[in-house]
Amino acid sequence: MARAIVSRVRALGGALDLNDMAVHQTGLTDPLQVNHNGVDVFLQPPPTQGVLLGMVLNNFANFQPADDIAAEHIAVELTEASFACRDRAFEGMALLDQPLEIDVSRAANRGGPRGYLHTAGVCVTDAQGMAVSSLVSVFDDFGSCVFVPELGIFLNNRAGGFTQGANSYAPGKRPVHTLAPALLRTDRGTLAIATPGADGQVQTLLQFIDRIIRRGEDLATAIAAPRWRSQAGKLLMEHRHPARSALAGMGHVIEPMADGAMCFGAIACAGVDRAGMPYAVGDWRRENWAGVI
């Protein structure tokens, strides 16, 4: 396998060699964990952006929104504030307690999240309560476009995630990346969730978590609900979103999008309740399947 990958990369002018493959080590570390309104939320550890979701959930607890519109505004502002820390995602747990400063009445329009859309999410669980949330991605379409015929795979281009500062590229370094699957442990059981959407992943999961915990919605209702996504300085919102006008009045630069547009992700969700009964829910956006065997 290593020889096939190295041979293909070098044939295209790349510098990868067998020693690079030999010294590679896959990190096995504990997940990040936050408690949000009594629910334990487990997040992918560095070098992923999962920590940004943890930062938002921890900071959200400092606010008491008067209504759902206020809550949406706070969530958007905290999201954009957290993305200012994206290049520092390697700090992991140390970032979770960092305060995020926002104006609860006006949009700062600071932007931050980018416009990538890709990834595939898979969530599974068994009757014993074991739950797995996973994401598979080569990043851009066809990844690096380097195809290894012996293995039938395209190599990813995750090195495109290098930016600046602590996330600058260097020999032996790994870039901050977007994959942010999550697990929830509640008094009703265990739940695995994931979504495609690159920088939209933590945003889609935030809205889902807020709906099932703060609003008390059931899983199907929370997944089907209209969504927003901060991207490139604008707030993309599904046409049917009831908060569009109100958020525009608070200074957000709204860009209406078709209901179900790919940018809003597609949640994969599987869980098991305290009685050992498994369940699964699929998003109506994109191609998505859910089933229990």
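1. Let's start with a hairpin. E7 and E8 are antiparallel partners joined by five bridges (two strands count as paired when DSSP finds at least two bridges between them). Two residues sit between E7 and E8 in this hairpin. One bridge to look up is Leu-183, whose partner in E8 is Ala-192. Strand and helix names here follow DSSP runs, numbered from the N terminus: helices are H or I with at least four residues, strands are E with at least two.

2. A word on what you are looking at: this is a predicted model, where local features need pLDDT of at least 70 and side-chain atom pairs count only at pLDDT 80 or more, while totals for chains, interfaces and linings use all residues. Residues are numbered from 1 along each chain as its sequence is written, and side-chain values use heavy atoms, with hydrogens and water left out.

3. Now follow E8 to its other neighbour. E8 and E12 pair in the antiparallel sense, over six bridges. Ala-192 turns up again here, with Ala-270 as its bridge partner in E12. Is E8 enclosed or open? Six of the six residues of E8 are buried, so the strand is largely enclosed by the rest of the structure. Buried means under 20% relative accessible area, exposed means over 50%, and partly exposed is in between (1.4 Å probe, protein chains only).

4. Those strands belong to an open sheet of six, in the order E1-E2-E7-E8-E12-E13, with antiparallel pairing. Why is one side of E1 and of E13 left without a neighbour in the sheet? Strand E1 (32-36) and strand E13 (278-282) stand at the edges and have a single partner strand each, so one side of each stays free of a neighbour in the sheet. From one strand to the next, the twist averages 20°.

5. At the E13 end, five bridges join E13 to strand E12 (residues 268-273), and the two run antiparallel. Ala-268 is found opposite Gly-282 in E13. On the helix side, H6 (residues 201-213) packs on the sheet and touches E1, E2, strand E7 (182-186) and strand E8 (189-194); touching, or contact, means heavy atoms within 4.5 Å. The direction of H6 makes about 155° with that of E8. For such angles, axes are lines fitted to C-alpha atoms (for helices, over the stretch in contact), and the angle between N-to-C directions runs from 0 to 180 degrees.

6. Helix H3 (residues 50-60) is worth a look too. H3 lies across E1 and strand E2 (39-43), at about 25° to E1. Ten of the eleven residues of H3 are buried, so this helix is largely enclosed by the rest of the structure. Among the buried ones are Leu-52, Met-55, Asn-59 and Phe-60. What covers them? The cover includes E1, E2, helix H4 (68-82), helix H5 (93-96) and H6.

7. Val-76 belongs to helix H4, and at 0% relative accessibility this residue counts as buried. Leaving out residues up to four places away in sequence, Val-76 touches Trp-228, Leu-235 and His-252. Val-76 and Ala-108 are 32 residues apart in sequence, with their C-alpha atoms 9.9 Å apart in space.

8. Trp-228 leads to another hairpin. Strand E9 (residues 228-231) pairs with E10 in the antiparallel sense over four bridges, and Trp-228 stands opposite Met-237 in E10. This hairpin has two residues between its strands, and Ala-232 takes a positive phi near 50° there. Four of the five residues of E10 (residues 234-238) are buried, so E10 is largely enclosed by the rest of the structure. E10 also pairs with strand E11 (residues 254-257), in the parallel sense and over four bridges; Leu-236 has Glu-255 in E11 as its bridge partner.

9. Val-253 is in the loop between helix H8 (244-249) and E11. Is Val-253 buried or partly exposed? With 39% relative accessibility, Val-253 counts as partly exposed. Setting aside neighbours within four places in sequence, the contacts of Val-253 are Asn-109, Gly-233, Lys-234 and Leu-235. The C-alpha atoms of Val-253 and Ser-230 are 9.7 Å apart, with the two residues 23 apart along the chain.

10. One last spot is Val-124 in strand E3 (residues 120-125), a partly exposed residue with a relative accessible area of 46%.
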